[in-house]
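Dear colleague,

Please find below the structure that I am handing over to you for your work. The findings follow directly after it.

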Amino acid sequence: MRSTWVVIPGQAFDRGKTRLAAVLSAGERRQFSRACLSHVVRTARRVVPPRRIVVVSRAAEVLGLARRLGVMAQRESGGGLNKDRKSTRLNSSHRCISYAV
């Protein structure tokens with residue numbers, strides 16, 4: 001039986017939403033980025049169990065928020081999400097699953 005997983009890529013909060021720079025300050029964009037990730041994780045939790053949600057990021061602050069929201073946090077390897085999406089493996093309950101974002 002196949003299980004459904006939700007994989008959420010997360011960029012460092014101070015690097016996200018840069019296209020909004022004309023209308024939001026750096027602090028506002030940071031706060032908005034954090035709120036967006038929280039919203040996406042909470043929405044995903046309505047669809048699948050938290051043990052099947054993974055946030056992938058290089059940013060420690062993003063991974064920390066994911067853990068506080070009760071989902072798994074996976075550090076992105078150095079190659080970037082586009083490179084990792086075909087090859088990353090996540091371990092869960094002694095199983096490996098592949099994912100593509």
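The buried residues of helix α2 pack against α1, β2 and β3, the last of these spanning 72–75. The residues concerned in α2 are Val 62, Leu 63, Gly 64, Leu 65 and Ala 66. Please bear in mind throughout that this is a predicted model.

Val 62 deserves a closer description. This residue belongs to helix α2, and it counts as buried because its relative accessible area is 0%. Once residues up to four places away in sequence are set aside, Val 62 touches Gly 10, Gln 11, Ala 12, Phe 13, Leu 37, Val 55 and Ser 57. For one of these partners, Leu 37, the C-alpha separation from Val 62 is 8.3 Å, with the two positions 25 residues apart along the chain.

The packing of the two helices

Two packed helices are described by the angle between their axes and the distance between the axes. Here, helix α1 covers residues 26–45 and helix α2 covers residues 60–68; their axes come within 11 Å and cross at roughly 40°. The two helices are therefore oblique to one another. The crossing in which α1 passes α2 is right-handed.

On the α1 side, the residues that meet α2 are Arg 30, Arg 34, Leu 37 and Ser 38. Their counterparts in α2 are Glu 61, Val 62, Leu 65 and Arg 68. Sorted by class, this contact comprises three nonpolar residues, one polar residue and four charged residues. An α-helix has 3.6 residues a turn, so residues three or four places apart point the same way.

Just beyond the end of α2, Gly 70 adopts a positive phi of about 85°.

Two further residues of α1

Ser 33 is also found in helix α1. With a relative accessibility of 9%, Ser 33 counts as buried. Apart from residues up to four places away in sequence, Ser 33 touches Phe 13, Gly 16 and Lys 17. Phe 13 is also among the residues that Val 62 touches.

Val 40, likewise located in helix α1, has a relative accessibility of 40% and so counts as partly exposed. The C-alpha atoms of Val 40 and Ile 8 are separated by 8.1 Å, while the two residues are 32 apart along the chain.

The loop before α1

Lys 17, one of the contacts of Ser 33, is situated in the loop that runs between β1 (6–9) and α1. Which sign does the phi of Lys 17 have? The angle is positive, at about 60°, although the residue is not a glycine. Most residues other than glycine have a negative phi. Lys 17 counts as partly exposed, since its relative accessibility is 36%.

Strand β2 and its surroundings

Ser 57 is placed in strand β2, which comprises residues 53–57. Is Ser 57 buried or exposed? Its relative accessible area is 1%, and Ser 57 is therefore buried. The side chain of Ser 57 reaches the backbone nitrogen of Ala 59 at a distance of 3.0 Å.

When its neighbours within four places in sequence are left aside, Ser 57 is in contact with Gly 10, Gln 11, Val 62, Leu 63, Gln 74, Arg 75 and Glu 76. Of these, Val 62 and Leu 63 are among the buried residues of α2. Gly 10 and Gln 11 also appear among the residues touched by Val 62.

Ser 77 lies in the loop between β3 and α3 (81–84). Its relative accessibility is 38%, so Ser 77 counts as partly exposed. Computed along the sequence, Ser 77 and Ser 57 are 20 residues apart, and their C-alpha atoms are 8.5 Å apart in space.

The protein as a whole

The protein contains three helices and five strands. Read from the N terminus, its elements follow the order β-α-β-α-β-α-β-β. Of its 101 residues, 35% count as buried. Among the contacts in the protein with a separation of 6 or more, 46% are between residues 24 or more positions apart.

With kind regards

Note on methods: Residues are numbered from 1 along each chain as its sequence is written. This is a predicted model: local features need pLDDT of at least 70, side-chain atom pairs count only at pLDDT 80 or more; totals for chains, interfaces and linings use all residues. Side-chain values use heavy atoms; hydrogens and water are left out. Axes are lines fitted to C-alpha atoms, for helices over the stretch in contact, and angles run from 0 to 180 degrees between N-to-C directions. Helices (H or I, at least four residues) and strands (E, at least two) are DSSP runs, numbered from the N terminus. Angles under 35 degrees count as roughly parallel, over 145 as roughly antiparallel, 65 to 115 as roughly perpendicular and the rest as oblique. A crossing is left-handed if the near helix is turned anticlockwise from the far one by less than a right angle, and right-handed if clockwise. Contact means heavy atoms within 4.5 Å. Ala, Val, Leu, Ile, Met, Phe, Trp, Tyr, Cys and Pro count as nonpolar, Asp, Glu, Lys and Arg as charged, and the others, Gly among them, as polar. Buried means under 20% relative accessible area, exposed over 50%, partly exposed in between (1.4 Å probe, protein chains only). A polar contact is a pair of N or O atoms within 3.5 Å; within protein, one must be able to donate a hydrogen and the other to accept it, and residues adjacent in sequence count only if both atoms are side-chain atoms.
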